Amino acid sequence: MNNAAQQQPVGEGRFDAKFWQLEAFEHPGQQYYYCTPAFVEADGTATIGDDFLISGSEERVLDQKLISRNIHATIRLVAGFLHDSKLKGEEAKVVMPLNAKAVSVESVASEFADGCREFLADVNGQIIFEMMNLPPKFTIDYLDHLGILVFPFCQEYIARPSPAWTDFTIFANCNFQGVSFDLKNKAWPPDKIQPHLEKFCQSANLNRLTPYLLGAASSDIQGLANELGFKFVAGKAVDET
């Protein structure tokens, strides 16, 4: 992991993150990154990425203390990374994943907003929130609530729907600016994954949503994503560090 502004509770391990470089086909002069947060226990055991993001929200009753702690830590990691980038003369932009199920709870949403005001006030224009862990079914009102929550603290916000979704009209109607598809850095054969990526990208473009591909593990998938019209691509194929 490339580290940024690690926080380390005494005797409890530490928070960390990898900032994957995003290949931006239409913004060659701008640096984009995708944040994958983690918590590393004192014994070295790590909870990474989606497992970290959904921690505390797997059951019907949410562990709001754990969720808020992880969200605050991710915000601080992103703020630290952007601060360090600025010191290097780089005005980077970061896609930060956010647990939609968690921030739908009023108390967690309040903690999230407080963290953004404290740590991201000076870099709002460099943040893209990615709403992940969406429920199987949701309404326009549900998405509107998420948009209203994050809008003051970011440049734009996107959604990561279930891979089975093929109609993104509801996201366009709620002013989301993009959608993402995560291959989780698995070595998928390009011919097997192409129909799914093609349908995803077509639906995104039909609704004027920017398509993001995450977890592209090979140069073949990276090239396929470019051919299909994905505007941003991240993964081992782009950033092996």
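Start by selecting E130, which lies in strand β5 (residues 127-132); strands here are DSSP runs of E with at least two residues, helices are runs of H or I with at least four, and both are numbered from the N terminus. This is a predicted model, in which local features need pLDDT of at least 70 and side-chain atom pairs count only at pLDDT 80 or more, while totals for chains, interfaces and linings use all residues. Residues are numbered from 1 along each chain as its sequence is written, and side-chain values use heavy atoms, with hydrogens and water left out.

**Stop 1: E130 and its partners**

Is E130 buried or exposed? E130 counts as buried, at 0% relative accessibility. Here buried means under 20% relative accessible area, exposed means over 50%, and partly exposed is in between (1.4 Å probe, protein chains only).

Now show the side chains of Y34 and S180. The side chain of E130 makes a polar contact with the side chain of Y34 at 2.6 Å, and another with the side chain of S180, also listed at 2.6 Å. A polar contact is a pair of N or O atoms within 3.5 Å; within protein, one must be able to donate a hydrogen and the other to accept it, and residues adjacent in sequence count only if both atoms are side-chain atoms.

Widen the selection to what E130 touches, leaving out residues up to four places away in sequence: Y34, V95, M96, P97, L98, I158, R160, S180 and L214. Contact means heavy atoms within 4.5 Å. For a distance to draw, try the C-alpha atoms of E130 and I67, which are separated by 16 Å and sit 63 residues apart along the chain.

**Stop 2: the loop between α1 and α2**

Keep I67 on screen and add S57, in the loop between α1 (50-53) and α2 (64-87). S57 is buried, with a relative accessible area of 2%. Its side chain reaches the backbone oxygen of I54 at 2.7 Å. Beyond four places in sequence, S57 touches L62, I67, N99, K101 and N133.

S55 lies in the loop between α1 and α2 as well. Its relative accessible area is 14%, and S55 counts as buried. Which backbone oxygen lies 2.6 Å from a polar atom of the side chain of S55? Pick D51 to find that oxygen. With residues up to four places away set aside, S55 touches T47, L66, I67 and N70.

**Stop 3: Q30 and A92**

Next, select Q30, in the loop between β1 (14-24) and β2 (32-40). Q30 counts as partly exposed, at 25% relative accessibility. The side chain of Q30 reaches the backbone oxygen of E91 at 2.6 Å. Outside its sequence neighbours up to four places away, Q30 touches E91, A92 and K93. The C-alpha atoms of Q30 and E90 are 8.8 Å from each other, although 60 residues apart along the chain.

Move on to A92, in the loop between α2 and β4 (93-99). A92 is buried, with a relative accessible area of 0%. Its contacts, again without residues up to four places away, are Q30, Q31, Y33, L82, S85 and Q126. The C-alpha atoms of A92 and I127, 35 residues apart along the chain, are separated by 9.1 Å.

**Stop 4: two positive phi angles**

Most residues other than glycine have a negative phi. Check N175, in the loop between α6 (169-173) and β7 (178-182). N175 is not a glycine, yet its phi is positive, at about 70°. Then pick K184, in the loop between β7 and α7 (190-206). K184 also has a positive phi, near 60°, and is partly exposed, with a relative accessible area of 46%.

**Stop 5: zoom out**

Finally, colour the protein chain by secondary structure: there are eight helices and nine strands. The radius of gyration, 17 Å, is close to the 18 Å that the globule rule gives for 241 residues, so the chain is as compact as a globular protein of that length. That radius is taken over C-alpha atoms, and the rule is 2.2 Å times the number of residues to the power 0.38. The C-alpha trace spans about 50 × 40 × 35 Å along its principal axes.

Of the 241 residues, 50% count as buried. Among contacts with a separation of 6 or more, residues 24 or more positions apart account for 65%.
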